[in-house]
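Q: Could you take me through one part of this structure slowly, the place where the ligand sits? I'm new to this, so a couple of single residues to compare with would help too.

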Amino acid sequence: METSYSPILKDPKSASEHNLGEYSGFAADFSLNSAESELDWLPNGGLNIAYEAIDRHCKTNRQYKKALIWEGKAGETESYTFEDLRLLTNKFANVLQNLGLSKGDRVFTFMERLPEIYITAFGTLKAGCIIGPLFSAFGPDPVKDRLENSGATVLVTQPELRARIAEILPSLPELKHIIVVNKFGRAENPLVENDLEWSDLMNLASDEFNSIETSRDDYSIMHYTSGTTGKPKGAVHRHNSVIQQYITGKWVLDLRPDDVYWCTADPGWVTGTSYGMVAPWTNGVTQIVYEGGFSARKWYDIIQQYGVTVWYTAPTAIRMLMKQGADLPKSYDLSSLRYTASVGEPLNPEAVVWGINAIGMPIHDNWWQTETGAIMIANYPSMDIRPGSMGKPLPGINVGIIDEEGNEKPVGEGGNLAVQPGWPSMFQAYWQDSERYDSRFKQGWYLTGDEAYKDEDGYYWFVGRSDDVINTAGHLVGPFEVESALIEHPAVAEAGVIGKPDPIAMEVVKAFVSLKEGYEASDSLRRDITGFVRTKLAAAVAPREIEIIDSLPKTRSGKIMRRLLKARELGLPEGDTSTLEED
Ligand code: ATP
Ligand code: MG
């Protein structure tokens, strides 16, 4: 399996002081677990993420350092020091205790990116409860499914969002308390009978709290997966995951004490908690949170205005920035940026190279999942980047490419991407679905559900999700390879590729593409794109059919839903669409 790109890129700006490159995943005595000693353990071997991320800094010269700089969608700003967060999360932990919650109870948020979401999350962890953040753009049904499945006792929300889901609330017997945050008094009628008001509760609560004793094995955060391949699963993590989130923040995101860090992921998805909460703050770094949604100008403006140095984002956002061209970023001063990284979907080589032209540095791709809790495979700072590759496993992570029987496949051959269990941030359960959890482990491997291959230098290349890999006339084709070639065409903004059943070839490759601004769909453009990809891809791999559509169906976390393209093409039921983004 060859990719169309093979250049090796050096990132001029990030010759890392952590110098991990020489270890590249094979030094047994140097692993993620060694980071344990860099944390501040509590008495009797206790471990609590909130203590590691917030309280411990308050015993150092970082006590009054800014932890959070927040900008609201209407331009309001707030900032919080580590000490502010310590006191506020103590208060919220007391609120939960006063409401009678105990260890292991579930507290969910359904909120926009307000500072209160961060206070709720860490206050919940201090109280020994499990935090479950829900993405704010959900409608009533996905919220109901998740609150019902998790048996959440408390929901922290805001008036507008509460109104959106009002109809489902009476049908959730386990949900005892609804706490409403009326930020800046934005809503005129914030309270419904029996709801509790955030500010009332917080005003009454003490700001002194001794964290409930939690151990490394106690549950901490639960996240429902993105639903790209089917019904979302509630992956449950434990406090131990902080070890990996902390050290990958340092090794992969290259976080250093003076950084200003911006993670664009919403806390409703795992990147938004592992790397939008835990990694920056355990590293004592200042982070920016912007409440509003995507806008290319606003995003460049945030980097310029706050002097962002490290930026963690996603391929879908990068493709949206690419859509606007490389001139726009040049009209901003982005010189503060030192390092950028991406996760969530494969990062097309074109996007890595775009980074160099547009923002002066390549984008470092890395791979992980809700279930892995933290970064597992990465192009880390000191390493040469191979555009289109996910990079190499972190030290101590044992990755294999295996066949159906669990045997490892030779270098260069595609197969199931599997990981040996035991990494610090490994999920511990799918909530109330032990059968499904067990089915992910086989012959000593955790099966990720993705297909990949390893090259002779130990770099891993994503082929596709196992369900999305296409079998055409005996060739296994990964959609990513075809999509990456398609988006090299100047008119193509995004591409989604599926296997369409065919009586002779078993499947044929069909591509759906959306166009960049300024291009009109036409037969001649379609033919031009078809001719273009044929020059890039082997005949067996090049799409037999190309269809131009307005936009590709995506999850709310920005992932292309190929299973929907396929269902629609074949006129089949669409399955679970609870995370489908609306146009
Ligand atoms: P579901 O499991 O519900 O179908 P999902 O797998 O999209 O949804 P997430 O856990 O949010 O839910 O996403 C993880 C998946 O995203 C990975 O298994 C992989 O398929 C894809 N992914 C993430 N990062 C990368 C990357 N750098 N390169 C390729 N694929 C990636
Ligand atoms: Mg998944």
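A: Here is a walk around the ligand, followed by two residues from elsewhere in the chain.

First, keep in mind that this is a predicted model. Let's begin with who is around ligand 1. Its shell has 21 residues, and the closest of them are Gly227, Thr228, Thr229, Asn366 and Thr370. If you sort the shell by residue type, you get five nonpolar, nine polar and seven charged residues.

Now zoom in on some individual atom pairs. Thr228, one of the closest residues, has a polar side-chain atom 2.4 Å from an oxygen atom of ligand 1. Lys559 also uses its side chain: an N or O atom there is 2.8 Å from an oxygen atom of the ligand. With Gly344 it's the backbone that comes into play, as one of its N or O atoms lies 3.1 Å from a nitrogen atom of ligand 1.

How much of the ligand ends up covered? On its own, ligand 1 has 630 Å² of accessible area, and the protein covers 95% of that. As for the elements around it, strand E14 (364-367) and strand E22 (460-465) are the ones that give two or more residues to the shell. E14 gives the largest share, with three residues.

Next, a residue to compare: Ile179, which you'll find in strand E6 (residues 177-180). Is Ile179 buried or exposed? Its relative accessibility is 0%, so it counts as buried, the cut-off for that being under 20%. Look at its neighbours, too. Leaving out residues up to four places away in sequence, Ile179 touches Phe92, Val95 and Leu99, then Val154, Leu155, Val156 and Thr157, and also Leu196, Glu197, Trp198 and Leu201. For a sense of distance, try Leu191: it is 12 residues from Ile179 in sequence, and their C-alpha atoms are 9.4 Å apart.

Finally, hop over to Ser37, in the segment before helix H1 (49-53). Ser37 has a relative accessible area of 63%, so it is exposed, because the cut-off for that word is over 50%. The side chain of Ser37 still has a partner, though: it reaches the backbone oxygen of Ser34 at 3.0 Å. And if you'd like a long ruler to lay across the model, go from Ser37 to Ile504: they are 467 residues apart along the chain, with 59 Å between their C-alpha atoms.

So, to put the two residues side by side, Ile179 is buried, whereas Ser37 is exposed.

Key: Residues numbered from 1 in each chain as written. Chains lettered and ligands numbered in written order. Predicted model: local features only at pLDDT ≥ 70, side-chain atom pairs only at ≥ 80, totals over all residues. Heavy atoms only, no water. Helix = DSSP H or I, 4+ residues; strand = E, 2+ residues; numbered from the N terminus. Buried < 20%, exposed > 50% of the residue type's maximum accessible area, 1.4 Å probe, protein only. Contact = heavy atoms within 4.5 Å. Polar contact = N/O pair within 3.5 Å; in protein donor to acceptor, adjacent residues only side chain to side chain. Near = heavy atom within 4 Å. Areas by Shrake-Rupley, 256 points an atom, 1.4 Å probe, with all protein chains shown as cover. Nonpolar A, V, L, I, M, F, W, Y, C, P; charged D, E, K, R; others polar.
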